[in-house]
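Me: Please take a close look at one part of this structure for me. I am new to this, so short sentences and explained terms would help.

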Amino acid sequence: VQLPEAQGATAEERLASLGLRIPPAAAAVGAYEPWVIAQGILYMSGQLPWANGKVRYTGRIGGVCSPEDGYLACQLSALNAIAQIKSALGSLERVKRIIRVEGVLNVEPGFIDYPPVLNGASHLVSAVFREAGRHTRMVYASQEMPFDCACLIIFWTEISG
Amino acid sequence: VQLPEAQGATAEERLASLGLRIPPAAAAVGAYEPWVIAQGILYMSGQLPWANGKVRYTGRIGGVCSPEDGYLACQLSALNAIAQIKSALGSLERVKRIIRVEGVLNVEPGFIDYPPVLNGASHLVSAVFREAGRHTRMVYASQEMPFDCACLIIFWTEISG
Amino acid sequence: VQLPEAQGATAEERLASLGLRIPPAAAAVGAYEPWVIAQGILYMSGQLPWANGKVRYTGRIGGVCSPEDGYLACQLSALNAIAQIKSALGSLERVKRIIRVEGVLNVEPGFIDYPPVLNGASHLVSAVFREAGRHTRMVYASQEMPFDCACLIIFWTEISG
């Protein structure tokens, strides 16, 4: 799976060129905040592959959820993370750098090929933020997740200005 | 499970109003430090549900450890995290913001309702630090943990002054 | 398992005194960067127990991989993390503090004695960086990992100058 080339002068234009729109930022699912800004960094809570208030991708990747759907789940969770940035900063142009992408994958026992799946988040970040989207990455695997969602994504974002 | 309303002008007074006292800060269980301060942030190692030198809550949440005990385990680990803040900063009044709460839960296969359990830590943080306690959160699940403890909690804390 | 005392005036000399050399920094295994610098911190992606382009330690710790080999796997991954620092900063003398060591261990069910294994990374950090190497730690366990590697290590590093 691969994203087409994104076009546009701003991050939002590049997102639109991919046929994607920023969804409403999701509320937290517990007694915490979706994001916090401290010391020039935007911290974020986990973003699930929600769309229209429902988890779109469920189940274990490599099992009932194919690796291709896992890739799309990571892409959708990353889109929800972008929605949190927009909600926190008002504009994606205030992103100085996506520092770190954390992913938790819900995986079938025996499935260990995590990197191409998490590329679903990484490719979107790189397409939308270009140089500012060059990030480090950390992946965790789990064999069960809340709401049976296929993945969870968090961005660590350096803010400009 | 829910905490009563905390009363008091300082974080320590609010903690006392809940009937809680700050325990001695626990030593590390390996070749590392309980906390490090860098760039205005207090970093912390994992805090277990210790009391008086013993792990009070053991076993898998959703199995031999009920979700209610899991909530209390997260609360106790968060109390131990508060003890590290006190040890590092001298006073809880130097907390500018609890940025991020990380929790690892020891869970029974099939138990996926993590958010209400981790609220045991979040409710305490919010009651004690009020606005400064509005935090992001990251949860991991494991099916075995060192000392068979029910959970582990870490705070990321922004320091004032 | 324990490291001998390291000798030397610089971090690289102390590493050499242990019979270790900094290997080439490993490339990322997905669409991300090995490291990013932001706000005075060097962020890093996961470092595996590679040597000469191959994973040297595979399998579950406490199973086909002994705890002693797990210790050496953490040491080797930490050496690869030191290689990323050298690649990013040019000199290990620019390390102000190793803030946090994150480890993911590939573990056999029933094996929970993680701290001595992760000490393989911590002992090397302390020997090489001395006071600047006094770090916090976070450990995660998994029962499967990409490339079947025995562990993964990440450093969070505060930069001087």
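Reply: Start where two chains meet. Here 26 residues of chain B are in contact with 26 residues of chain A; contact means heavy atoms within 4.5 Å. This is a predicted model: local features need pLDDT of at least 70, side-chain atom pairs count only at pLDDT 80 or more, and totals for chains, interfaces and linings use all residues. Residues are numbered from 1 along each chain as its sequence is written, chains are lettered from A and ligands numbered from 1 in the order in which they are written, and side-chain values use heavy atoms, with hydrogens and water left out.

Stay with this pair. Chain B and chain A bury about 2000 Å² between them. Buried area is the accessible area (1.4 Å probe) that two parts lose on being put together, summed over both. Of that area, 60% lies on carbon and sulfur atoms. Charged side chains take part too. Two salt bridges are counted between chain B and chain A; a salt bridge is a side-chain nitrogen of Lys or Arg within 4 Å of a carboxyl oxygen of Asp or Glu. B:Arg134 and A:Glu33 form a salt bridge, with N to O at 3.1 Å.

Do the copies offer matching or different surfaces? They meet through different surfaces, because only 12% of the interface residues of chain B are also interface residues in chain A.

Now the symmetry. Two copies of a chain are related by a rotation about an axis and a shift along it. Chain B is superposed on chain A by a rotation of 120°, with 0.0 Å of shift along the axis and an RMSD of 0.0 Å. That is the relation of a three-fold axis. The fit is by least squares on the C-alpha atoms of residues with pLDDT of at least 70 in both copies. Chain C goes onto chain B by a turn of 120° and a shift of 0.0 Å along the axis, again with an RMSD of 0.0 Å. The copies use different surfaces here as well: 12% of the contact residues of chain C recur in chain B.

Next, look inside chain A. Five strands form an open sheet in the order E1-E2-E7-E5-E6, with mixed pairing. Strands (E, at least two residues) and helices (H or I, at least four) are DSSP runs, numbered from the N terminus. Two strands pair if DSSP finds at least two bridges between them. Strand E1 (35-38) and strand E6 (136-142) of chain A are the edges, each pairing on one side only. The twist averages 20° from one strand to the next. Strand E5 (residues 95-106) of chain A runs parallel to E6(A), over seven bridges. One bridge pairs A:Val101 with A:Arg137 in E6(A).

Helix H2 (residues 67-89) of chain A packs on this sheet. Helix H2 touches E1, strand E2 (41-44), E5 and strand E7 (151-159) of chain A. The direction of H2 makes about 35° with that of E7(A). Axes are lines fitted to C-alpha atoms, for helices over the stretch in contact, and angles run from 0 to 180 degrees between N-to-C directions.

Finish with one residue in chain B. B:Gln84 sits in helix H2 (residues 67-89) of chain B. B:Gln84 is buried, at 1% relative accessible area. Buried means under 20%, exposed over 50%, and partly exposed in between (1.4 Å probe, protein chains only). Leaving aside neighbours within four places in sequence, B:Gln84 is in contact with B:Ala25, B:Ala26, B:Pro34, B:Trp35, B:Met44 and B:Gln47.
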